[in-house]
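Dear colleague,

I am passing on the structure below, together with some notes on how a few of its parts are arranged. Please read the notes with the coordinates open beside them.

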Amino acid sequence: MKFDYDLFVIGGGSGGVRAARVASANGAKVALAEEDRYGGTCVIRGCVPKKLMVFASEFSTFPDEAAAYGWDMKLAGFDWPGFRKRLHGELDRLEGVYRSLLENSGVTMFDGRARLKDANTVTMSTGEEVTAKHILVATGGHPVRPDLPNAELGIVSDDIFHMEELPKSILIVGGGYIACEFACVLAGLGVDVTLYYRGAQILRGFDEEARGIIAEGMSEKGIDLHFGTNIVEMAPASEGRPAETQLTESEASMGPPAGELSHGAKAPDDYNGPIRVKATNGKETEFDAVLFAIGRTPNTSDMGLEEVGVKMGRRGQIVVDEYSQTSVPSIYAIGDVTDRVNLTPVAIREGMAFVETVFKDNPTPVDHKLIPSAVFTQPEFGTVGLTEEEAREKEPVHVYCTSFRPMRTAFAGQPYRVLMKLVVSKETDTVMGCHIVAPNAGEMIQLAGVAVKMGATKADFDRTVAVHPTMSEEIVTMRDPLRSG
């Protein structure tokens, strides 16, 4: 059968664009459909605008720190409208870059929503219908809201970058990396931040010791942390006491089951005033804004996936094998839509592996082991490999760890502490995990990640001469384990 294209990619995010470009460079006839903006979550609604906001928020501490070093600096205040204008200009530029990359690679672009008609046919919201030998789904995910009356009064992470003005106060619901990053960013921009998290400590799944130091740092920034806490009710403050919900307090404290997360009910039209919130501890408080950062879900609804036989997971994710192939042989999926490791560089790697497998006749499984990552809280967190808790469940380990006040901020009389930690196998001396809480920890962990990925031992770290005076030198100067077992 003759097809219109060798490959049709659905989704113009980082993973889909990379797969399309590389496949085209290898001689394939490629088309790509994007219903929104090219660049996807990372470029338009995630990593890039968030990191620019992180940079902006860090300037708020400069005057006090500079004073300790003899400088007299004054900040007149943060100009959100001015920053927002420059931010959106940069996002427009980057979207243009993505379009140009595709065009210069010979990829045909469709600006519209794509839906599967059968295993080799895609229909477009613009009316076109095309066929392809292979179809790659790379549609990413979106933030969810709780199934709670008036949930639409709150915002999600996508909305942060479009606020016309910053709220004076905000409640952030959630304790994952998105919740914690935006808590630090908004606090740095002068917003009064409160965070409710239903768990006992933020950043579940990360190293316990690192989580504690980050929580302390957030509190020192003035963020009001409430653990074991969730929303029971919310309504416009103008309505007085919120209406009763159908959730019991015990149910609310645990949050809605993953399968029941939705965009919530319709809220009162055009309301932008204060929001009255009742917590599971019974306390009622008014906030100018409420941000839900309780998770993300794959973009798979109304795409025709199940109708054509693609197996789906409980959370709506596309189920794939180690080669990113679905239960329908001609259809593949990469990135957040598969809910494997939801990181932009991982989606790009999955796209590259897909091209190797399908267009280069080189079956390449995706490698999801030892992926370094960073959480852009303040203090920043870089991590690769196993946490101390995970490693102890596998085998006996030595833990090398130090926590201290870094020279720059200690001199300025600031309380922040950093953490350097190596988790090492007792038997093989292999470094199983590296965790850094410090300014620019993301930059450090990228380089440490190379060593850990190569299988470096503690002896390899010890043989490396320290760069002095730096924070990172502690990674190669810790000689005796703090604890073992």
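What follows concerns the packing of one helix against two others.

Please keep in mind throughout that this is a predicted model.

The helix in question is α1, which covers residues 14-25, and one of its partners is α10, residues 344-359; the two pack at an angle of about 30°, with their axes 8 Å apart. Since angles under 35 degrees count as roughly parallel, α1 and α10 are therefore roughly parallel to each other. The crossing in which α1 passes α10 is right-handed. On the α1 side the contact is made by Ser14, Gly15, Arg18, Ala19, Val22 and Ala23, while α10 contributes Thr344, Ala347, Ile348, Gly351, Met352, Phe354, Val355 and Phe359. Sorted by class, this contact of α1 with α10 comprises 9 nonpolar, 4 polar and 1 charged residues.

Helix α1 also packs with α5, which runs over residues 80-104, and here the angle is about 20° and the axes lie 9 Å apart. That angle makes α1 roughly parallel to α5 as well. The crossing of α1 and α5, however, is left-handed, whereas that of α1 and α10 is right-handed. In this second contact, Ser14, Val17, Ala20 and Arg21 of α1 meet Tyr98, Leu101 and Leu102 of α5. By class, the contact of α1 with α5 holds 5 nonpolar, 1 polar and 1 charged residues.

In going through the lists you will notice that Ser14 of α1 appears both in the contact with α10 and in the contact with α5.

With best regards

Notes
Residues are numbered from 1 along each chain as its sequence is written. This is a predicted model: local features need pLDDT of at least 70, side-chain atom pairs count only at pLDDT 80 or more; totals for chains, interfaces and linings use all residues. Side-chain values use heavy atoms; hydrogens and water are left out. Axes are lines fitted to C-alpha atoms, for helices over the stretch in contact, and angles run from 0 to 180 degrees between N-to-C directions. Helices (H or I, at least four residues) and strands (E, at least two) are DSSP runs, numbered from the N terminus. Angles under 35 degrees count as roughly parallel, over 145 as roughly antiparallel, 65 to 115 as roughly perpendicular and the rest as oblique. A crossing is left-handed if the near helix is turned anticlockwise from the far one by less than a right angle, and right-handed if clockwise. Contact means heavy atoms within 4.5 Å. Ala, Val, Leu, Ile, Met, Phe, Trp, Tyr, Cys and Pro count as nonpolar, Asp, Glu, Lys and Arg as charged, and the others, Gly among them, as polar.
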